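Biologist: I'd like to learn how to read a model like this one. Can you take me through it step by step?

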Amino acid sequence: LKLGVLISGRGSNLQALIDACAAPDFPAEIALVLSNKADAFGLERAAKAGIATAVVSHRDYPGDKPAFEAAMDATLRESGVDLVCLAGFMRLLSPWFVGQWHNALINIHPSLLPSFKGLDTHQRALDSGVRFHGCTVHYVRPEMDEGPIIAQAAVPVLPGDDAHRLADRVLESEHRLYPHAVRLIAEGRARVDGDLVRIEGTVP
Ligand code: GRF
């Protein structure tokens with residue numbers, strides 16, 4: 001399965017996918033890393049791993065989101081991408097783009113969805129008093145942070161946590177979860193059935 005990874009910044013989840021794909025038995029490879037920001041550190045991670053990169057900057061399409069997204073779509077198609085993985089990609093995608101990649105577009109979000117959609121999830125989790133927090137990989141639908149859930153990982157909220165400590169603990173779990181979710185899809189074991197994902201076989 002050929003992955004296109006969309007980033008805007010640091011790219012630590014991209015790094016987790018790069019590392020996973022380096023294992024000979026991993027059933028996917030990264031065909032392209034696409035950033036909307038030319039200075040995203042993740043682009044350096046990709047270059048170091050010998051992976052093709054592209055920059056499609058939203059600033060080159062002022063007020064023209066359709067053209068921005070059409071350029072991204074064309075770049076992904078040219079690279080033969082089968083599955084688009086959002087990994088800290090900070091632009092909201094239109095229903096058009098989401099429709100172009102229906103059930104071939106996934107996102108990682110730093111909360112146990114459907115709790116804490118949107119930004120600043122760690123502080124909001126602390127403020128709400130939940131004892132568990134975590135991350136979710138889901139198929140993307142036009143509504144932000146909505147869509148059939150593929151996999152989740154929970155981490156405890158511990159006494160003395162602040163948003164940074166909690167974020168670090170969640171991020172570690174993200175780095176394990178994203179490759180796991182990609183593997184399930186690549187092996188054909190995560191099938192969308194209505195609003196749900198049916199998982200076939202056993203999951204560790
Ligand atoms: C992660 O927390 C991810 O869940 C969220 O944005 C952050 C991206 O971090 N969507 P990185 O760029 O992968 O390090």
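**Reading helix pairs and backbone oddities**

Modeller: Start with a crossing: that of α5 and α6 is right-handed.

Biologist: Before the helices, what pLDDT does the protein chain average?

Modeller: This is a predicted model. The protein chain averages a pLDDT of 97, and 100% of the residues score at least 70. For the complex, the predictor gives an ipTM of 0.97 and a pTM of 0.97.

Biologist: Which feature does UniProt place at residues 2-182?

Modeller: The unreviewed UniProt entry puts "domain: Formyl transferase N-terminal" there. Over residues 2-182 the chain is 36% helix and 23% strand. The end C-alpha atoms of that stretch are 11 Å apart.

Biologist: Back to helices. How is a packed pair described?

Modeller: Two packed helices are described by the angle between their axes and the distance between the axes. Take α5 (residues 121-128) and α6 (residues 163-186). Their axes come within 9 Å and cross at roughly 115 degrees.

Biologist: How are α5 and α6 oriented to each other, roughly parallel or roughly perpendicular?

Modeller: Angles of 65 to 115 degrees count as roughly perpendicular. So α5 and α6 are roughly perpendicular to each other.

Biologist: Which residues in α5 and α6 meet?

Modeller: From α5 come H122, Q123, A125 and L126. They meet A163, L166, A167 and V170 in α6. This contact of α5 with α6 has 6 nonpolar residues, 2 polar and no charged.

Biologist: Now the other pair. At roughly what angle do the axes of α1 and α2 cross?

Modeller: Roughly 15 degrees, for α1 (residues 12-21) and α2 (residues 41-48). These axes also come within 9 Å. Angles under 35 degrees count as roughly parallel, so α1 and α2 are roughly parallel to each other. The crossing of α1 past α2 is right-handed. On the α1 side, L14, Q15 and I18 make the contact; on the α2 side, G42, R45 and A46 do. The contact of α1 with α2 divides into 3 nonpolar residues, 2 polar and 1 charged.

Biologist: What about the backbone? What sign of phi do most residues other than glycine have?

Modeller: Most have a negative phi, and most peptide bonds are trans. Now look at the loop between β5 (105-109) and α5, where P114 lies. The peptide bond from L113 to P114 is cis, with omega near 10 degrees.

Biologist: And where does D120 lie?

Modeller: D120 is in the loop between β5 and α5. D120 is not a glycine, yet it has a positive phi of about 60 degrees.

Key:
Residues are numbered from 1 along each chain as its sequence is written. This is a predicted model: local features need pLDDT of at least 70, side-chain atom pairs count only at pLDDT 80 or more; totals for chains, interfaces and linings use all residues. UniProt positions are given in the numbering used here, feature names are shortened, and annotations may be inferred rather than shown by experiment. Helices (H or I, at least four residues) and strands (E, at least two) are DSSP runs, numbered from the N terminus. pLDDT is the predictor's confidence in each residue, from 0 to 100. Axes are lines fitted to C-alpha atoms, for helices over the stretch in contact, and angles run from 0 to 180 degrees between N-to-C directions. Angles under 35 degrees count as roughly parallel, over 145 as roughly antiparallel, 65 to 115 as roughly perpendicular and the rest as oblique. A crossing is left-handed if the near helix is turned anticlockwise from the far one by less than a right angle, and right-handed if clockwise. Two residues are in contact if their C-beta atoms, placed from the backbone, lie within 7 Å. Ala, Val, Leu, Ile, Met, Phe, Trp, Tyr, Cys and Pro count as nonpolar, Asp, Glu, Lys and Arg as charged, and the others, Gly among them, as polar.
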